[in-house]
Amino acid sequence: MKIEIAMKLFGKDILIPDSIVNSFIIVIILSIFAIVVNSKIKKAKLDDKPSGLLNFMEAVVGTINGLVKDTMGLKNMFFAPYITTLILYLAVANLFGLLGFTPPTSDYSVTLSLALITFTLTQIFRFKSLGFLGYFKSFADPAFLTPLNVIGELANPVSLSFRLFGNILSGVIIMGLLYSALGYFAPIITPVLHGYFDVFSGLLQTFIFAMLTMIFISSAME
Amino acid sequence: MLQGITSEAFILGCSAIGAGLAMIAGIGPGIGQGHAAARAAEAVGRQPEAQGDIVRTMLLGQAVAETTGIYGLVIAIILLFVRPLLTAYLNL
């Protein structure tokens, strides 16, 4: 099922493709979810044991806080909300293929934007910790290797975006080919492939993206 | 002989051959990740209580090593479905 938006804005035709519309839907769903959890927290008493949704959310936040503390150190815990947002958005976005929609991360613009956010954060923290002149001098460490250092730094967001894009897009294409080839007999083998491409590969790529973001940022801060 | 081939058909055929050649890049990650999994299995056998840490480190390393195979896949997909060479020829 594809939902596209085609509208006229200021006299020009604008077409929003289905993966971007799905990204809007995910943002709206996550915002409503956050408001629901927030209202439940405000009504809960501090001495009772948490139950149901609050229990699950406390486990998730505790796990991600532990991950940030192990990878980035205790003094960088202010990154934990951004990493939690990234993990929640990517997990829901990659698993969206289970519902029959196109996952937003199968569009290169979405993964490139996320990788560029990581790239900007890395460069800003490298700038802050090395100072103005030290930042440029750090690329000329052995002077004849300067282009190699610059290209190595630019290759990080490219490989980050391509890894996520390639994994999710290949799953979408293979499942599309299978469904169109088998027709009514598709449900015999597609559940197993959905379990691999959407659940296992999607969650693993979420974890890898978050871990690599944390490693890049924490290595730029030394 | 090659008399009845139009230019567009020739470009499409060569794009298909190029896509097939690009997928040869899938050999590298297969060998490398299998080797890494063998070392991880050996490490778990030597110290079974560190299995969680070992498996997590192995998955992280394997996902990074898979990147070059994914580069080949993206080139093959672009050649087959986006057909940039045909567009470049038609705009010439």
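**Figure 1. Helices α6(A) and α3(B) are roughly perpendicular to each other.** In this predicted model, helix α6 of chain A covers residues 190-220 and packs against α3(B) at an angle of about 90°. Angles of 65 to 115 degrees count as roughly perpendicular, and the pair is therefore described in that way. The axes of the two helices lie 10 Å apart. Two values are quoted because two packed helices are described by the angle between their axes and the distance between the axes. On the side of α6(A), the contact is made by Leu204(A), Ile208(A) and Met211(A). On the side of α3(B), Leu59(B), Leu60(B) and Ala63(B) take part. Sorted by class, this contact has 6 nonpolar residues, with no polar and no charged residues.

**Figure 2. Chain B touches chain A through 9 of its residues.** These residues of chain B are in contact with 11 residues of chain A. Two elements of chain B, α3 (51-65) and α4 (67-82), give two or more residues to the side that touches chain A. Which of the elements gives the most to this side of chain B? It is α4(B), with 6 residues. By class, the side of chain B that touches chain A has 8 nonpolar residues, 1 polar residue and no charged residues.

**Figure 3. Helix α4(B) has buried residues that pack against elements of both chains.** The buried residues of this helix are Ile70(B), Gly72(B), Leu73(B), Ala76(B) and Leu79(B). They pack against α5 (146-182) of chain A together with α1 (7-22) of chain B. The length of α4(B) can be checked by a short calculation: at 1.5 Å a residue, its 16 residues should span 22 Å. The C-alpha atoms at the ends of α4(B) are 21 Å apart, which agrees with the expected span.

**Figure 4. Arg83(B) has a positive phi just after α4(B).** The phi of Arg83(B) is near 50°, a positive value in a residue other than glycine. Arg83(B) is found in the loop between α4 and α5 (84-90) of chain B. Is Arg83(B) buried or exposed? A residue is buried if 20 or more other C-beta atoms lie within 10 Å of its own, and exposed if 12 or fewer do. Arg83(B) has 16 other C-beta atoms within 10 Å and is therefore partly exposed.

**Figure 5. The largest nonpolar core has 25 residues.** The residues that touch the most other members are Ile83(A), Leu86(A), Ile87(A), Leu90(A), Phe209(A), Ala210(A) and Met214(A). The elements giving two or more residues to this core are α2 (53-72), α3 (80-94), α4 (108-137), α5 and α6 of chain A. Of these, α6(A) gives the most, with 6 residues. Leu90(A) touches Thr206(A) and Phe209(A), when residues up to four places away in sequence are not counted. In soluble globular proteins, nonpolar side chains tend to be buried together.

**Figure 6. Chain A contains 6 helices and 2 strands.** Read along the sequence, the elements of chain A follow the pattern β-β-α-α-α-α-α-α. The C-alpha trace of chain A spans about 65 × 55 × 45 Å along its principal axes. Of the 222 residues in chain A, 23% are buried. Among contacts in chain A between residues at least 6 apart in sequence, 63% join residues at least 24 apart.

How values were computed: Residues numbered from 1 in each chain as written. Chains lettered and ligands numbered in written order. Predicted model: local features only at pLDDT ≥ 70, side-chain atom pairs only at ≥ 80, totals over all residues. Contact = placed C-beta atoms within 7 Å. Helix = DSSP H or I, 4+ residues; strand = E, 2+ residues; numbered from the N terminus. Nonpolar A, V, L, I, M, F, W, Y, C, P; charged D, E, K, R; others polar. Axes fitted to C-alpha atoms, helices over the stretch in contact; angles between N-to-C directions. Parallel < 35°, antiparallel > 145°, perpendicular 65-115°, else oblique. Expected span 1.5 Å × (residues − 1). Core = buried A, V, L, I, M, F, W, Y, C linked by C-beta atoms within 7 Å.
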